[in-house]
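Please look over the sequence and the 3D structure before reading on. The notes below are grouped by topic and can be checked one by one in the viewer.

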Amino acid sequence: MNPVPESQPVSRTLVIDRPFGMVFLRTALIIIIAWSVAEILFRAAVASGMIPPPGIGSVNAELDTKLLLLDKYMRENGQVDCFFLGSSQFDEAVDPAVFDRVFLQESGRSLRCFNFSLGTMTASPAGRIARLIAERYHPRLLFIGISARDFSDDFGELTRPLLDDPWVRYNLGEFSVGGWLTEHSHAYRQMLTLRASLNPDYMVFHDRLSYQLTETGYLLLEGSDLSNPKKNFIPNFSMTGEDLSGLDEAGSLNSDSLQVVFVEVPVHHSFIPYYIHADPEAYERLFAEPIKAYFDEQNLPFWRTQEIMQELVPDDGWTDVKHLNRTGAEIFSTWLARQTAQALNHQIIHLIGD
Amino acid sequence: MELISLNFLFFSCITLAVYYLLPFRFQNAWLLIASLAFYLTWGVGFTILLVGVSLLNFYLARGMAANPGHIKSLLLIGLALNAGSLFLFRLTSSGYIIRAVEYFSGQPAAGSLSILNALLPIGFSFYILQAISYLVDVYHKQIKASDNIVDFTLYMAYFPRLLAGPIERARTFLPCLAAPRRVDTAMLSRAFTLLMIGLLRKMVIAEVLRAAIPEFMFTRPMEYAASDLLFGIAIYGFWLYNDFAGYTGIVRGVSGFFGIELSPNFQQPFFARSFVEFWNRWHMSLSFWLRDYIYFPVSRAIFRRISDKYLILKVFLPSIITMLVSGFWHNIGAYMLAWGGLHGIYQSVERMIAFKLHGGIKNKHSGIVHFLNAITINLLLIPTWILFASGSLQRALRFVFVLINPDSPLTLPTIQMIVPTVWIIISLFIDWFQYHSKDEHVFLRWGHFAQAIALSAIFLSLFLYLLWSEIPVASFVYQGF
């Protein structure tokens, strides 16, 4: 307590001596100077190659790694024309280098593509990330790979949290100090990177990706193990409103300036009977046919691949029953490039500038 | 309204602005209105109960003053009602009553009996102790029964301390409410220092430590390596300290802006050389309440009734009874009784040894002995943290079983240890400055440049924490009591 003797009259409660607040002024100056010095030093160090460029320190090591790869690719090659977006299945299925080469051969036109797929991606965050790509990089073509697993709440542990990431939200038009600083401050990004590097789970993932990802964002996996657990993979399958709103958002990006193409991501045929409800018919009945009908209704291109890949990809083209390896990705990317060239020739899809 | 929230910031600023503009005679009434409005955001029923308890104790004390012949009966009625209501709420909120009803009726309790599951109103166990101490002090004529109902209700409901203390005494709080208050630059500086250190402890240090404690270490200890559990329980005490000391710093800082200095609750407890000293440094407002209203009366009663032949009883019983009451105050359950009992035994054994060796507890030691004593106390505290945090005796035993299981791996999670360890060192560093100078405001004696450097570090830490915080700040541990 700080009582005043009753004999002493009190005119007011708050009595401030001057000068007041000099410590706050000094504090503000120290923070501004320290931050500015850090900003200059980090920018200089990155520019001179002394330290690598900082990531954005998100919850998802793959997003951070791919953003750095994409920046590097764009610095060296210029604007990216097309993106691939999906889960790990699409991540390991499309090699943009193969796609670009075959597309050039087939159509005589050049495209620079980047695979921005993220492990554990599901339909709901895919819509948001698709919008982020469209608004930030202004591509002409966007392929979105979808699979039945994209519509299960059991997946998405590394991508659903991205919807709350300040940088992602900032890039989707929602201002936040954290998002602004991540976008504009090297010093802040270095702190985010340091913070992320103290997370052992993040670092294990980050280190693995650093040698598995190619310069165009393709997740290159070797080896083949087709052992099938023969378990009911998605016991409670349903297309929720949240997931479909992700597809709606991605579909709404389709415009004169951006062609969006949805692509079915294949799985090994031995897996189909266990994919949904452990019912061999369920994949077609509950996923493929309804999703095809959905895209037809929206007048959006949806390319089925399951049947054709069953014929084209040999057993040693699969890393496991859900993912393609380098051999399978070469086949799938080639087929996708040819399909794209044909679709353009037949004006089923269009590219701005053509 | 949570304490760490923009709503509380706006609420405090508006309350403070009006408070400064009002003449003194209206300030207490304004604080009371603000306090009740604040508590209304936690529940209308809670507020009605608070006002009811305040009125009851106010008039009981008035009755005691007006009827000296019935003073003891009125005191006993007051004690029974206050302690009884706390006991009842503890029973209902722990689910014991509804379980008993179901057991005896042989069927699940109907919806109409859901009142038997009533939650303990937030802050109840704190303000009920204030009511008890007030009645006892009036009985012992250490304070006159208040004739100002606004001041008394404000003593019970003052919003900065309403949710989780500190537990104030009427004999110091009421006289100060009756006097005009002046908030000068020195007072503002002290309040701001408390607030800043409190925010650093609560929002940064405690949150970092909380994140480092394995989430399910008590519910599913088998899923962790013994080393994870050891690390988790080793930092648990530091987390609890920073969480609660941080909370106390914040509320004392906020209160300081109103010119009302609340009692300290913590004084560098991890530097304690004995368990008695630990409790003189940990949750001090509760410890001193227990000392004055449980330990001393029990000691006096035992010393009067038991002969010197039973010295061991004279030493053991007061400490054990006091700590059992403390355990009960925290929660009803075997684990809290075990916690209280263990602390009681620690203190009693310590007293016995001290009496045998030195004829009393010795508080002056050389630096190295002090250091070793502090380490010993902190190691012996670990079993008490296990009991306190576990939530049940069964969980505590399961935890210990995994911890001492020779088959459980002992690979220390080195990377995860870095950041919490750094923040524990920072926490101890702050403690050391305060301990060494015997002044919690020691930082105000630093030069302006050093103050600005320290403040910059705190602001940056808070700023980064706020930016990096993707999950809401957890409720204070002590709000649950």
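The points that follow go from chain A as a whole to one helix and then to single residues.

This is a predicted model. Chain A holds 14 helices and six strands, and 50% of its 354 residues are buried.

**Chain A as a whole**

- Along the principal axes, the C-alpha atoms of chain A fill a box of roughly 95 × 45 × 40 Å.
- Counting contacts in chain A with a separation of 6 or more, 79% are between residues 24 or more positions apart.
- The exposed area of chain A is about 16100 Å², and carbon and sulfur atoms supply 54% of that area.
- Chain A carries 28 positive and 46 negative charges. The mean positions of these two sets are 7 Å apart.

**Helix 14 of chain A**

- Helix 14 covers residues 326-345 of chain A, which is 20 residues. From its first C-alpha to its last it reaches 28 Å, close to the 28 Å expected at 1.5 Å a residue.
- At the N-terminal end of helix 14, A:Asn325 acts as a cap. A side-chain oxygen of A:Asn325 lies 3.1 Å from the backbone nitrogen of A:Thr327.
- The buried residues of helix 14 include A:Gly328, A:Ala329, A:Phe332, A:Ser333, A:Trp335 and A:Leu336. Also among them are A:Thr340, A:Ala341, A:Ala343 and A:Leu344.
- An α-helix has 3.6 residues a turn, so residues three or four places apart point the same way.
- Just after helix 14 of chain A, A:Gln347 has a positive phi of about 55°.

**A:Leu14 in strand 1**

- A:Leu14 belongs to strand 1 of chain A, which spans residues 14-15.
- With a relative accessible area of 23%, A:Leu14 is partly exposed, because buried means under 20%.
- Setting aside neighbours within four places in sequence, A:Leu14 is in contact with B:Tyr20, B:Val183 and B:Leu188.
- A:Leu14 and A:Ala329 are 315 residues apart along the chain, and their C-alpha atoms are separated by 73 Å. A:Ala329 is one of the buried residues of helix 14.

**Loops of chain A**

- Which loop holds A:Ser110? A:Ser110 lies between helix 4 (96-107) and strand 3 (113-115) of chain A.
- A:Ser110 is partly exposed, at 49% relative accessibility, because exposed means over 50%.
- Apart from neighbours within four places in sequence, A:Ser110 is in contact with A:Asp81, A:Leu104 and A:Arg140.
- A:Ser110 and A:Asp100 are ten residues apart in sequence. From C-alpha to C-alpha, the two are 7.0 Å apart in space.
- The loop between helix 6 (166-171) and helix 7 (177-184) of chain A contains A:Glu174. A:Gly173 is found in the loop between helix 6 and helix 7 as well.
- A:Glu174 counts as partly exposed at 39% relative accessibility, whereas A:Gly173 is exposed at 68%.
- The side chains of A:Glu174 and A:Arg169 are joined by a polar contact of 2.5 Å.
- A:Gly173 and A:Leu132 are 41 residues apart along the chain, with their C-alpha atoms separated by 9.3 Å.

**B:Arg281 in helix 12 of chain B**

- Is B:Arg281 buried or exposed? B:Arg281 is buried, because its relative accessibility is 13%.
- B:Arg281 sits in helix 12 of chain B, residues 275-281.
- A polar atom of the B:Arg281 side chain lies 2.8 Å from the backbone oxygen of B:Gln267.
- Leaving aside neighbours within four places in sequence, the contacts of B:Arg281 include B:Asn265, B:Phe266, B:Gln267 and B:Gln268. B:Pro269, B:Ala272 and B:Tyr435 are also among them.

**Positive phi in loops of chain B**

- Most residues other than glycine have a negative phi.
- B:Lys141 is not a glycine, yet its phi is positive, at about 60°. B:Lys141 lies in the loop between helix 6 (124-139) and helix 7 (149-157) of chain B, and is exposed at 66% relative accessibility.
- B:Lys438 also has a positive phi, near 55°. The loop between helix 18 (414-437) and helix 19 (448-468) of chain B holds B:Lys438, which is exposed at 76% relative accessibility.

Conventions. Residues numbered from 1 in each chain as written. Chains lettered and ligands numbered in written order. Predicted model: local features only at pLDDT ≥ 70, side-chain atom pairs only at ≥ 80, totals over all residues. Heavy atoms only, no water. Helix = DSSP H or I, 4+ residues; strand = E, 2+ residues; numbered from the N terminus. Buried < 20%, exposed > 50% of the residue type's maximum accessible area, 1.4 Å probe, protein only. Contact = heavy atoms within 4.5 Å. Areas by Shrake-Rupley, 256 points an atom, 1.4 Å probe, with all protein chains shown as cover. Lys, Arg positive; Asp, Glu negative; His and termini not counted. Charge placed at Lys NZ, Arg CZ, Asp CG, Glu CD. Expected span 1.5 Å × (residues − 1). Polar contact = N/O pair within 3.5 Å; in protein donor to acceptor, adjacent residues only side chain to side chain.
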